[in-house]
Amino acid sequence: MLRSRIMKNRLSPVDTAWLRMEDPTNLMMISGIFMFDEPIDLGELRVLIETRLLKFRRFRQKVLRPPLNFMAPFWVDDPHFDVSAHLHQIALPSPGNQIALQKLTNDLMSTPLDFSKPLWQIHLVEGFGDGCALVCRLHHCIADGIALMRVLLSLTDDPPNVQNGIAPEAADQDGHSSRREATRTPSAATYGGRLISQGLEVIADRGRRQATMKMGAEGAAALASLLLLSPDPPTPLKGSLGVQKRCAWSLPIPLADVKAVGRVTGGTVNDVLLTAVAGALGRYLRSRGETVGGLNLRAVVPVNLRPPDEPIKLGNAFGLVFLSLPIGIDDPLDRLRELKRRMDAIKGTPEALVTYGILNAIGATGPQVEDIVVSIFEKKATAVMTNVPGPKEVRYFAGKPIKGIMFWVPQSGRLGLGVSILSYAGEVLVGIASDAGLTPDPESIVEAVHVEFDSLMQLVTWARQADAQLQQSQVDQRCQGQTQNDRQCKNRARPGEMYCHLHVGS
């Protein structure tokens, strides 16, 4: 009976791969911040955690590692589980602004989770302006960023609702959602299926995905392809990692502005934002005396492989693709067009499915094989970049509206730079996570993102000016057709007809 229970709770090979990547200089944690303009009561937060988060059994289980490295670890219930060991209340030092919150988050991102307990922690940070913040840390072996974001958002409501006894999703002993055990709030039910990856979607039928998981010749070819990729050029963004990490995030960028740039340039929201990021990295490298003309740097981009309507399910279900960023193209429009071309080329390949199969295979083997694959990622790329669309509407946590959301995934493959993009309630935040020894000032990259996005918005301004000039030219041509004595064209115009500004008031 005990043997059957252990086998059922064994970590999947992919989850095992992310567990084994844990390193003191590169912690495999997904970190998220929820920001509020109002304080949250610790007691209400605790009730939400107990009645909603702990419905997922995985958050009451710890990882038991076998004595031999080649043996797979498995989940076991923590017999001494105490939610107080995972929920902490701290005060933000003065002046309680974003810089202070970033410094606190730096320390938390640099601190490993306690492997003798379930691998998650939530800090209620008081004194953030007039409100507070929640800093959440969850280990990657529990689930990927998409799944964990859905879990955290299942703690929220649409209109304010603090009926804490209602669980939006229950979970069975494997961490999979179980609708039979839950009374779901409508907001959680409707939102759950909408959080899917945009920009690099890979839609695959189950048969194709299962075939890829089997690896075989396709997996061997993918490994060969990775080996044949030339190493990314050396820059200050690459190098040996240290323990200390840094983070920063942007001011809110209106999503309507991002879409306006996309309409003018023919790019997606993802194209526009990554174009601004690529330009920002170029600016940052130039500020450190680097020559960036013609420079290309690869980013490892996670790609969601879950069906969009799938209930919340824990575990890792994503692949990785290598995106070459045209850092060395100064003109923002040219950079966007080239980046879009490269993005579109990736979308037509099975690369994400194959890399998922590779992760599945190395998790089923020993750490030695995993070290080889991780070293490939370390050499072939410079950064990890993620883009997750959050809720379109304002969400409420314990009855308080969430002002902003930010998150970071770990820089897997011993990479020293992470870029996270998250949209929420009509705004976009861009976050940078970095190794303190390589990039001690990620706020400089964030500032450069704003400068680059302003350059892209100038394209919108020019397009609007050109459109206005064209419309004015058409009006002038119509007005020139009027007779010399017709000085009242304004009064005789039909409703909705445009007329020359020279005739207004004549």
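Start by selecting V261 and T265: the backbone oxygen of V261 lies 2.8 Å from a polar atom of the T265 side chain. You are looking at a predicted model, so keep that in mind as you move from stop to stop.

**Helix 9 and a charged patch**

Stay with T265 for a moment, since this residue belongs to helix 9. Is T265 buried or exposed? With a relative accessible area of 13%, T265 is buried, because buried here means under 20%.

Now select K259, which is also found in helix 9, the run of residues 255-265. K259 is partly exposed, and its relative accessible area is 42%. Add R263, K392 and R464 to the selection and switch on a surface: together with K259, these residues gather in a patch of positive charge.

**Helix 5, residue by residue**

Next, select residues 145-153, which make up helix 5. How many of the nine residues of helix 5 are buried? Nine of the nine are, so helix 5 is largely enclosed by the rest of the structure. To check them one at a time, click through G145, I146, A147, L148, M149, R150, V151, L152 and L153, the buried residues of this helix.

Then look at the start of helix 5 and show the side chain of D144. One of the side-chain oxygens of D144 reaches to within 3.2 Å of the backbone nitrogen of I146. Keep D144 in mind, as this residue will come back later in the tour.

**A salt bridge between distant parts of the chain**

Time for some charged pairs. The structure holds 19 salt bridges, and we will visit a few of them. Side chains of opposite charge can pair when their charged atoms come close.

Select D232 and R298, whose side chains meet in a salt bridge with an N to O distance of 3.6 Å. Where in the chain do the two partners of this pair lie? D232 is in the loop between helix 8 (216-228) and strand 9 (245-249), while R298 is in strand 11 (residues 297-304); the pair links distant parts of the chain, 66 residues apart. Both ends of this bridge are worth colouring by accessibility: D232 is buried, at a relative accessible area of 8%, and R298 is buried too, at 14%.

**A salt bridge within one helix**

For the next pair, select D344 and K340. Their side chains meet in a salt bridge, 3.4 Å from N to O. Both residues lie in helix 11 (residues 332-347), four residues apart, which is about one turn of the helix. D344 counts as partly exposed at 36% relative accessibility, and K340 counts as partly exposed at 23%.

**R395, E393 and a network**

Move on to R395 and E393, another pair of side chains that meet in a salt bridge, this time at 3.5 Å, N to O. Is R395 buried or exposed? R395 is buried, with a relative accessible area of 1%, whereas E393 is partly exposed at 23%. Salt bridges can also share partners, and in this way D144, R306, E310 and K313 are joined into one network. Select those four together, and you will meet D144 again, the residue whose side-chain oxygen reaches towards the backbone nitrogen of I146.

**Loops with a backbone twist**

Now turn to the backbone. Select A398, in the loop between strand 14 (396-397) and strand 15 (400-408). Phi of A398 is near 50°, a positive value in a residue other than glycine. A398 counts as buried at 4% relative accessibility.

G399 lies in that loop between strand 14 and strand 15 as well, and G399 is partly exposed, with a relative accessible area of 23%. Draw a distance from the C-alpha of G399 to the C-alpha of E44: these residues are 355 apart in sequence and 9.4 Å apart in space.

Then jump to A425, in the loop between strand 16 (417-424) and strand 17 (427-435). Here, too, phi is positive in a residue other than glycine, near 50°. A425 counts as partly exposed at 27% relative accessibility.

**Last stop: a cis peptide**

Finish by selecting S94 and P95. What kind of peptide bond joins S94 and P95? The bond is cis, with omega at about 15°. P95 lies in the loop between strand 4 (87-91) and helix 4 (98-109).

Definitions and conventions: Residues are numbered from 1 along each chain as its sequence is written. This is a predicted model: local features need pLDDT of at least 70, side-chain atom pairs count only at pLDDT 80 or more; totals for chains, interfaces and linings use all residues. Side-chain values use heavy atoms; hydrogens and water are left out. Buried means under 20% relative accessible area, exposed over 50%, partly exposed in between (1.4 Å probe, protein chains only). Helices (H or I, at least four residues) and strands (E, at least two) are DSSP runs, numbered from the N terminus. A polar contact is a pair of N or O atoms within 3.5 Å; within protein, one must be able to donate a hydrogen and the other to accept it, and residues adjacent in sequence count only if both atoms are side-chain atoms. Patches are made of residues with over 30% relative accessible area and no salt bridge: like charges are joined within 9 Å, nonpolar side chains (Val, Leu, Ile, Met, Phe, Trp, Tyr) within 5 Å. Accessible areas come from the Shrake-Rupley method with a 1.4 Å probe; for residues, only the protein chains shown count as cover. A salt bridge is a side-chain nitrogen of Lys or Arg within 4 Å of a carboxyl oxygen of Asp or Glu. Lys and Arg count as positive and Asp and Glu as negative; His and the chain ends are not counted. The place of a charge is taken as NZ of Lys, CZ of Arg, CG of Asp or CD of Glu.
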